[in-house]
Amino acid sequence: MDCESFQLIQVASGAKSLRSLRYNETFHPVVGPMIEARGLHVVQHRFIERAMKNPQIPFVIWDVGLGAAANAIAILEVFRDQEIAVPVELHSFDRNLEALDFALKHAAELGYFSGWEELVATFLKEGVVQFRNVTWKRQSGDFRERVFDLEIPAPQSVIFDPYSPASNPELWTVEIFSALRKRVGEAPCLVTSYSRSTSVRTTFLVAGWFVGKGAATGEKQETTLVASTLSLLEQPLERSWLERVAKSGAPGPLTNGMGEKRSATEVAEGLQEHPQFNSIHAKESKTKEILK
Ligand SMILES: C[S@@+](CC[C@H](N)C(=O)[O-])C[C@H]1O[C@@H](n2cnc3c(N)ncnc32)[C@H](O)[C@@H]1O
């Protein structure tokens with residue numbers, strides 16, 4: 001694959017962000033990198049509160065799509081602003097470092113690297129760096145393979161930030177979301193995503209996750225917050241949402257092309273059995289069997 005090229009653009013808020021010329025997508029549209037990273041991802045994960053619940057075990061965060069590291073820096077800010085005695089592991093996945101290289105060349109315009117330059121330079125050089133209680137580690141290669149790597153500890157938080165399903169379809173599939181769900185097992189885990197599309201939501205549900213409304217960002221009045229247990233969601237999608245699935249022209253679930261395509265009505269009917277919508281199956285452990 002040839003080198004990915006980028007452009008620096010000014011978004012509506014006045015902040016600067018990267019635009020991928022290959023995918024024709026802006027990394028953090030409308031509000032810019034740090035407002036999106038903090039408001040959409042960091043706040044919803046409640047890192048400090050959740051990490052403190054089990055201070056004896058490391059709190060593991062997966063940053064899927066390191067890109068220009070805005071999300072990673074926003075995570076580090078949390079642990080700079082509040083010191084806790086819990087070890088935190090931040091694993092940043094990307095198949096290349098092209099966006100980060102480009103971003104660092106434009107660090108002054110982007111602004112958010114201010115104070116982090118040395119740390120990011122070491123991270124780039126060594127692939128791992130320690131900041132207070134946080135070990136920040138680079139995980140190179142394709143996430144479709146790395147998700148299965150048992151040497152990487154399973155996450156309690158996932159920031160899922162690849163390009164859109166249209167540009168980056170290989171990562172938005174039942175196969176990937178199921179692999180992630182299996183890695184998490186019984187542990188409480190939250191996933192944040194900027195997508196609010198019906199097909200992405202059905203894909204998470206079919207893969208055995210619980211799905212709720214996520215925080216607003218930019219022009220989006222809502223995004224998606226996904227969890228391994230229902231109790232982690234403040235606003236789970238209600239059963240009435242399945243009516244929207246039944247009428248949808250693109251109900252999902254998104255797949256890697258294998259398996260039979262089901263009609264919107266069939267998808268909605270299948271999801272009625274999901275414990276999120278069916279109190280008879282509300283015992284969360286049943287999720288996977290029902291949706292297999
Ligand atoms: C929109 S950018 C991420 C922005 C980033 N989170 C930030 O804060 O700047 C998407 C990133 O996902 C990466 N990506 C896309 N497909 C991937 C794959 N299959 N495996 C690993 N990384 C992938 C791209 O290389 C790109 O850097």
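Modeller: Two strands pair if DSSP finds at least two bridges between them. Strands are DSSP runs of E with at least two residues, helices are runs of H or I with at least four, and both are numbered from the N terminus. This is a predicted model: local features need pLDDT of at least 70, side-chain atom pairs count only at pLDDT 80 or more, and totals for chains, interfaces and linings use all residues. Residue numbers run from 1 along each chain as its sequence is written.

Colleague: What makes β2 and β3 a pair?

Modeller: Two bridges join β2 and β3. That meets the bridge minimum, so the strands pair. The sense is antiparallel. Serine 20 faces glutamate 25 in β3. Four residues separate the strands of this hairpin, and asparagine 24 takes a positive phi near 60 degrees.

Colleague: How do you know that strand β1 pairs with strand β2?

Modeller: Strand β1 (residues 6-10) and strand β2 (residues 16-20) share five bridges and run antiparallel. Five passes the minimum, so they pair. Leucine 8 stands opposite leucine 18 in β2, and phenylalanine 6 stands opposite serine 20. These strands also form a hairpin, with five residues between them. Glycine 14 in that turn has a positive phi of about 100 degrees.

Colleague: Why are β1 and β3 called edge strands?

Modeller: The order of this open three-stranded sheet is β1-β2-β3, with antiparallel pairing. β1 and β3 each pair on one side only.

Colleague: Which strands are the edges of the eight-stranded sheet, and in what order do its strands run?

Modeller: The order is β6-β7-β5-β4-β8-β9-β11-β10. That sheet is open and its pairing is mixed. Its edges are β6 (128-131) and β10 (210-214). The twist averages 20 degrees from one strand to the next; axes are lines fitted to C-alpha atoms, for helices over the stretch in contact, and angles run from 0 to 180 degrees between N-to-C directions.

Colleague: How do you know that strand β9 pairs with strand β11?

Modeller: Four bridges link strand β9 (residues 190-193) to strand β11 (residues 223-227) in the antiparallel sense. Four also passes the minimum, so this is a pair. Valine 191 stands opposite valine 226 in β11. Helix α1 (residues 33-45) lies across β8 (157-160), β9, β10 and β11, and runs at about 170 degrees to β9.

Colleague: Why is phenylalanine 160 called buried?

Modeller: A residue is buried if 20 or more other C-beta atoms lie within 10 Å of its own, exposed if 12 or fewer, and partly exposed in between, with C-beta atoms placed from the backbone. Phenylalanine 160 has 24 such neighbours, so it counts as buried. The residue lies in strand β8. Beyond four places in sequence, phenylalanine 160 is in contact (C-beta atoms, placed from the backbone, within 7 Å) with Val64, Val191, Thr192 and Ser193. Its C-alpha atom is 6.6 Å from that of aspartate 63, 97 residues away along the chain.

Colleague: Why is valine 30 called partly exposed?

Modeller: Valine 30 has 16 other C-beta atoms within 10 Å, so it falls between the buried and exposed limits. This valine sits in the loop between β3 (25-26) and α1. Its phi is positive, about 65 degrees, although valine 30 is not a glycine.

Colleague: Where does arginine 46 fall, and why?

Modeller: Arginine 46 has 15 C-beta neighbours inside 10 Å, so it counts as partly exposed too. Arginine 46 is in the loop between α1 and α2 (47-53). Its positive phi is about 45 degrees.

Colleague: What makes the largest nonpolar core a core, and how many residues has it?

Modeller: A nonpolar core is a set of buried Ala, Val, Leu, Ile, Met, Phe, Trp, Tyr and Cys residues joined through C-beta atoms within 7 Å. The largest such set has 72 residues, and Ala69 and Trp209 have the most contacts inside it. α3 gives the largest share, eight residues. Alanine 69 touches Leu100, Ala103 and Val120, leaving out residues up to four places away in sequence.

Colleague: Which residues come nearest the ligand?

Modeller: Gly65, Gly67, Ala68, Ala70 and Phe143 come nearest, out of 22 around the ligand. A residue is near a molecule if its C-beta atom, placed from the backbone, lies within 6 Å of it. α3 (70-81), β5 (88-94) and α7 (143-146) each give two or more residues to that shell.

How values were computed: Contact = placed C-beta atoms within 7 Å.
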